[in-house]
Amino acid sequence: MARAGFVTGAAAFALLLSAGAWLLRGLAPEPSAAQTPPAAGGTALYGLVVRGETVVAKPEGGTLVLASRGERVSAGGVIAAAAATPEGLRCAVRAAGEAAERECVRRAVYAAAAGRPELAEPLAALYTQGEDEPYELITSPFSALWSPDADGLEYLSAESLADLTPERLEALLELEPRQPEVLGRLVYDGSWYYAALMPRAEAPEEGSRVELRFEGFRARARTAYVSAASGGDCAVVFESREKLREALELRFAGAELSFEAG
């Protein structure tokens with residue numbers, strides 16, 4: 001989409017530069033035990049992550065995503081703006097509400113810190129005046145976490161793992177991700193699932209509690225399903241209701257399984 005004319009001048013951006021470092025300290029994540037590297041001694045796994053999620057179609061014309069990655073968007077909350085003209089997008093930003101305004105400020109702070117003034121354009125649009133032009137606000141039909149990334153495998157769900165066999169799981173692990181022409185995706189279920197192959201003799205019992213340690217975070221999970229053995233291996237499905245945001249971008253991932261979860 002055309003972006004010329006969004007930035008109203010250097011004065012507002014200079015103010016952002018002076019405030020950027022202070023604001024970024026408030027935005028920096030706190031260190032947590034979830035980011036501690038996994039301890040040695042667990043069982044190494046490789047598997048597939050699925051969630052309850054759906055893609056958001058990309059409309060024609062220019063678009064501007066106003067939701068933040070990992071943000072929980074309420075039912076009816078604004079995800080993005082669409083318009084045929086830059087002025088239409090400016091009108092949409094001004095009409096999008098407080099959540100979109102906060103996202104514009106967040107992007108402007110990052111723009112100031114990174115020296116990329118073009119990323120502050122949505123914030124500048126809040127303070128510009130002009131002729132009203134048509135626009136569309138794309139909203140979420142339900143409460144969900146937002147991600148601007150999609151891999152074409154969003155059709156997979158918990159139902160895809162029902163009665164899973166080692167052979168079926170191997171086929172799922174060979175699926176090829178792709179980049180669909182969409183705005184992103186909404187993750188609407190509080191549970192997420194990790195399916196992996198492992199030796200049947202080492203598999204946990206159904207219903208048992210475990211800990212899954214991924215790169216950057218760990219999450220407690222329930223062993224939801226263990227298949228019959230095939231060639232000594234079985235398919236195991238773990239269900240977790242923890243760290244959904246941290247797992248938001250996982251699809252094919254290695255993990256370490258611990259049977260010592262508290």
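This passage describes strands, helices, loops and cysteines in a predicted model.

The three-stranded sheet is considered before the helix that lies against it. Strands β2, β4 and β5 form an open sheet in that order, with antiparallel pairing. The edge positions are taken by β2 (62-65) and β5 (136-139); each has a single partner strand, so one side of each is left without a neighbour in the sheet. On average, and with direction ignored, neighbouring strands of this sheet are turned by 25° against each other. The antiparallel pairing of β2 with strand β4 (residues 78-83) rests on four bridges. Within this pairing, L64 has A81 in β4 as its bridge partner. Helix α2 packs on the sheet, where it touches β2, β4 and β5. The direction of α2 makes about 155° with that of β4.

Helix α2 covers residues 86-95, and seven of its ten residues are buried, which leaves the helix mostly covered. The buried residues of α2 are E87, G88, L89, R90, C91, A92 and V93. For C91, the relative accessibility is 6%, so this cysteine counts as buried, the cut-off being 20%. After α2 comes G97, a residue with a positive phi near 105°.

Helix α3 spans residues 98-114 and has 17 residues. From its first C-alpha to its last, α3 reaches 24 Å, close to the 24 Å expected at 1.5 Å a residue. The buried positions in α3 are A100, E103, C104, R107, A108, V109, A111 and A112. Glycine also follows this helix: G115 comes after α3 and has a positive phi, near 70°.

A further set of pairings involves strand β10 (233-240). Seven of the eight residues of β10 are buried, and the strand is mostly covered. Strand β7 (residues 182-199) runs antiparallel to β10 and is joined to it by eight bridges. One position in this pairing is M198, whose bridge partner in β10 is C234. C234 has a relative accessibility of 0% and therefore counts as buried. Strand β9 (residues 217-226) also pairs with β10 in the antiparallel sense, over four bridges. Here Y225 has V237 in β10 as its bridge partner. Strands β9 and β10 form a hairpin with six residues between them. In the turn of this hairpin, G231 has a positive phi of about 65°.

Strand β11 comprises residues 252-258, and five of its seven residues are buried, so the strand is largely enclosed by the rest of the structure. Strand β1 (residues 43-57) and β11 run antiparallel and are joined by six bridges. In this pairing, A44 stands opposite E256 of β11. Strand β8 (residues 209-214) also pairs with β11, in the antiparallel sense and over three bridges. In that pairing, the residue of β11 opposite E211 is S258. Strand β11 thus has antiparallel pairings with β1 and with β8.

Backbone torsions were also examined in the loops. Most residues other than glycine have a negative phi. D163, which is not a glycine, has a positive phi near 50°. D163 is found in the loop between β6 (144-147) and α5 (166-173). With a relative accessible area of 61%, D163 is exposed, because exposed residues are those over 50%. K243 is not a glycine either, and its phi is positive, at about 55°. K243 lies in the loop between β10 and β11. The relative accessibility of K243 is 26%, so this lysine counts as partly exposed.

The cysteines were also checked for disulfides. With a disulfide taken as a pair of cysteine sulfur atoms within 2.5 Å, the count comes to zero. Buried cysteines in the model include C91, C104 in α3 and C234.

Note on methods: Residues numbered from 1 in each chain as written. Predicted model: local features only at pLDDT ≥ 70, side-chain atom pairs only at ≥ 80, totals over all residues. Heavy atoms only, no water. Helix = DSSP H or I, 4+ residues; strand = E, 2+ residues; numbered from the N terminus. Expected span 1.5 Å × (residues − 1). Buried < 20%, exposed > 50% of the residue type's maximum accessible area, 1.4 Å probe, protein only. Pairing = 2+ DSSP bridges. Axes fitted to C-alpha atoms, helices over the stretch in contact; angles between N-to-C directions. Contact = heavy atoms within 4.5 Å.
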